[in-house]
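Q: Please take a close look at one part of this model, the packing around a helix pair. Set it beside the loops and the cysteines, and give me the numbers.

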Amino acid sequence: MNQSLIVRGAPQEYECRVGAWDDLEEHLNRRKLKRVMILHGKDSWEAAKPYFPTLMTIDTYFVYYGGECTDEKTIELKQLFEQKELEGIIAVGGGKIADLGKAVANQCTKPILILPTLAATCAAYTPLSVIYENNGAMNRYDIFANSNALVLIEPKVLLDSPIELMIAGIGDTIAKWYEADAMISQLAVQPIEIQVSAFAAKKCRDVLLADSQEALKAMKEKEINQAFLNIVETIILLGGMVGGFGDDYGRTSGAHSIHDALTILPESHHQLHGNKVAYGVLVQLVIEDKWNEIEQLMPFYSSLDLPTSLKDMKMNLTEDDYQRVAERAAEPHETIHYMKEKITKDRVKDAMKALEKFNTK
């Protein structure tokens, strides 16, 4: 592990409250932004539109993001941005829209303002983008020197978001503790930044275990409650703080390497990111031989319908599939090697098989 640490603690400004989007024009004026690109999706845009304010004094250029965050799309939008002489980007949508907006803003050295329509990842909070290949496989992630200029969360929009995406967000965020702990627990001395990261990671787990059920009840009943707000801010803000303060120690280790490896199988593409990560947490815990922790998590997973096995994700792997996934997870550059000991492809394969066996008990 690399001992150098850069703190990227938070966006320049962040607000989560009912009516937060209504002040968007004021935020743009304060930043002297008069010509902006509004990057959006399809379904998420339909959900966001009723809450998106009419901007009276701002020239807006609406762009559909195209479905994926790739290098090609970044270049295309950068050209469009420069051609229209725009001054900032407002990304309205989920993680891929936020990531694409951040990538383009970084290329153009202009501010990015993010209005999330989902609480599925901490993408709105963090100054990094996950870049994918055109075929849907993950390529890499790029970390930027500039923080996101503004994050505005309108809880009412998130209340209407698909419940399965919120569950996937919970799955992705529960991993923060297990992945960070696998790295941080190795340090003889924990600098203050790392302590903040560890606190945020532990808090993620504690809040998710305590409040997830009530938050999902709020979504079903279309009635905001404190548990719902807690879960939203845990996924976006606390989740973002883990990597923001911990840098490499607060990012990903085992669970995300398993996720990334699964993306080489086309049948994994219909599975949500957070579901694959939640499964990856369990595989990581098998590798660490933490069966007690797995036993404790099982009722929580079951109550949310998070996958506890490949079978749950309707993925039937052949021996060759296991081999390929394990090889991909244990590639030299993968974050799984941030764990305590050397992880081989055989360890990964054995862990995946042991988890399947455990689940058929």
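A: **From an exposed loop to a helix crossing**

K314 counts as exposed because its relative accessibility is 68%. This is a predicted model, so everything below is computed from predicted coordinates. K314 sits in the loop between α11 (291–304) and α12. Its phi is positive, at about 55°, although K314 is not a glycine.

T109 also has a positive phi without being a glycine; here the value is about 45°. Most residues other than glycine have a negative phi. T109 lies in the loop between α4 (95–108) and β5. At 62% relative accessibility, T109 counts as exposed.

Now the helix pair. Helix α6 covers residues 163–184, and helix α10 covers residues 273–287. Their axes come within 7 Å and cross at roughly 35°. The crossing of α6 past α10 is left-handed. Which residues in α6 and α10 meet? On the α6 side they are A168, G171, D172, A175, Y178, E179 and A182. On the α10 side they are H273, G274, N275, V277, A278, V281, Q284 and L285. By class, the contact holds 8 nonpolar, 5 polar and 2 charged residues. An α-helix has 3.6 residues a turn, so residues three or four places apart point the same way. Look at the spacing of A168, G171, D172, A175, Y178, E179 and A182 with that in mind.

D181 belongs to α6 too. Is D181 buried, partly exposed or exposed? It is partly exposed, because its relative accessibility is 21%, and the cut-off for buried is under 20%. The C-alpha atoms of D181 and L33 are 41 Å apart, with their positions 148 residues apart along the chain.

Helix α9 (residues 254–262) packs against this pair. The buried residues of α9 pack against α6 and α10, and also against β7 (138–143), α12 (319–329) and α13 (345–359). How many of the residues of α9 are buried? The count is 9 of 9, so the helix is mostly covered. These residues are G254, A255, H256, S257, I258, H259, D260, A261 and L262.

A119 brings in another loop, the one between β5 (112–116) and β6 (128–132). A119 counts as buried because its relative accessibility is 3%. Beyond its neighbours within four places in sequence, A119 contacts L158, L165, M166, G169, V232, I235 and I236. The C-alpha atoms of A119 and D23 are 21 Å apart; along the chain, these two residues are 96 residues apart.

E68 is in the loop between β3 (59–64) and α3 (71–83). Its side chain makes a polar contact of 2.8 Å with the side chain of K96. Leaving out residues up to four places away in sequence, E68 touches K73, K96, L100, Y132, E133 and G136.

Last, the cysteines. The structure holds 0 disulfides. C108 is in none, and the nearest cysteine sulfur, in C69, is 13 Å away. C108 counts as buried because its relative accessibility is 8%. Why is C204 without a bond to C122? The sulfur of C122 is the closest cysteine sulfur to that of C204, but at 8.5 Å it is too far for a bond. C204 is buried, with a relative accessible area of 0%.

Conventions
Residues numbered from 1 in each chain as written. Predicted model: local features only at pLDDT ≥ 70, side-chain atom pairs only at ≥ 80, totals over all residues. Heavy atoms only, no water. Helix = DSSP H or I, 4+ residues; strand = E, 2+ residues; numbered from the N terminus. Buried < 20%, exposed > 50% of the residue type's maximum accessible area, 1.4 Å probe, protein only. Contact = heavy atoms within 4.5 Å. Axes fitted to C-alpha atoms, helices over the stretch in contact; angles between N-to-C directions. Left-handed = near helix turned anticlockwise from the far one by under 90°. Nonpolar A, V, L, I, M, F, W, Y, C, P; charged D, E, K, R; others polar. Polar contact = N/O pair within 3.5 Å; in protein donor to acceptor, adjacent residues only side chain to side chain. Disulfide = S-S within 2.5 Å.
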